[in-house]
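Q: Please take a close look at one part of this model and describe its surroundings in detail. After that, please set that part within the whole chain.

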Amino acid sequence: MAGPAKIRALSPRELANFGWTMAAVILVVFGLLIPWLRGVAIPFWPSGVALALVAWSTVAPASLDPLYRVWMKLGLLLSRVTTPLILTLVFLLTIVPTALVMRLLKRDPLHRRLDTEAKTYRVESDQTTEKSLDNPF
């Protein structure tokens, strides 16, 4: 497994963009999406938080560095948890059922069955022709 990921330092402009992006995400997710999904009235607090973040990002973007670092560490931690979880789910929902169906149908496309009667397991390749060299694919 790779070592811990490094969180790179950002310029004040990049930190300002981070603040504006976070403000937009807070406003959309907590101010619009969640209330719409739950069927409740639109709250006012996300607007205040977003406005404060925009002001902070505009006035002193360099001071957002600690918030950015905490956010990135949280993202790295979540990725260490969710990536194996998602890959496990993909494996269990796609590869395992496919393998079970192929075993039920006694399908062996790799010809892995042991054949005690066979002298060799070598499979002769197709002979190369001039035409196959002109258009190899």
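A: Leaving aside residues up to four places away in sequence, Ser57 touches Ala16, Gly19, Trp20 and Leu64. This is a reading of a predicted model, and the description below starts from that residue and works outward. Ser57 itself sits in helix H2, which covers residues 45-59. Its relative accessible area is 1%, and because the cut-off for a buried residue is under 20%, Ser57 counts as buried.

Another residue of the same helix can be set beside it. Ala52 is also placed in helix H2, but with a relative accessibility of 46% this residue counts as partly exposed. Gly19, which is among the residues that Ser57 touches, comes up again here, since the C-alpha atoms of Ala52 and Gly19 are separated by 9.7 Å although the two residues are 33 apart along the chain.

The next element to consider is helix H1, which spans residues 12-38 and packs with helix H3, residues 65-104, at an angle of about 65° and with the two axes 10 Å apart. The crossing of H1 and H3 is left-handed. On the H1 side the contact is made by Leu15, Phe18 and Met22, while H3 contributes Asp65, Leu67, Tyr68 and Trp71. Sorted by residue class, this contact consists of six nonpolar residues and one charged residue, with no polar ones.

Further along H3, and outside the list of residues that make its contact with H1, one finds Leu92, which belongs to helix H3. Leu92 has a relative accessibility of 46% and therefore counts as partly exposed. The C-alpha atom of Leu92 is separated by 20 Å from that of Arg107, a residue 15 places away along the chain.

After H3 comes a loop that leads to helix H4 (130-134), and Lys106 is located in this loop. The backbone of Lys106 has a phi near 55°, a positive value in a residue that is not glycine. With a relative accessible area of 65%, Lys106 is exposed, because the cut-off for that class is over 50%. His111 lies in the loop between H3 and H4 as well, and its phi is likewise positive, near 55°, again in a residue other than glycine. The relative accessibility of His111 is 66%, so this residue counts as exposed.

It remains to place these details within the whole chain. The protein chain contains four helices and zero strands, and reading along the sequence gives the pattern α-α-α-α. A compact globule of 137 residues would be expected to have a radius of gyration near 14 Å, whereas the protein chain has 28 Å. Along the principal axes, the C-alpha atoms fill a box of roughly 80 × 40 × 35 Å.

Buried residues, the class to which Ser57 belongs, make up 14% of the 137 residues in the protein chain. The accessible surface of the chain comes to about 11,900 Å², and carbon and sulfur atoms account for 69% of that area. Where contacts between residues at least 6 apart in sequence are concerned, 53% of them join residues at least 24 apart. The picture of Ser57 is thus that of a buried residue in helix H2, in a chain built from four helices without strands.

Key
Residues numbered from 1 in each chain as written. Predicted model: local features only at pLDDT ≥ 70, side-chain atom pairs only at ≥ 80, totals over all residues. Heavy atoms only, no water. Helix = DSSP H or I, 4+ residues; strand = E, 2+ residues; numbered from the N terminus. Buried < 20%, exposed > 50% of the residue type's maximum accessible area, 1.4 Å probe, protein only. Contact = heavy atoms within 4.5 Å. Axes fitted to C-alpha atoms, helices over the stretch in contact; angles between N-to-C directions. Left-handed = near helix turned anticlockwise from the far one by under 90°. Nonpolar A, V, L, I, M, F, W, Y, C, P; charged D, E, K, R; others polar. Rg over C-alpha atoms; globule rule 2.2 N^0.38 Å. Areas by Shrake-Rupley, 256 points an atom, 1.4 Å probe, with all protein chains shown as cover.
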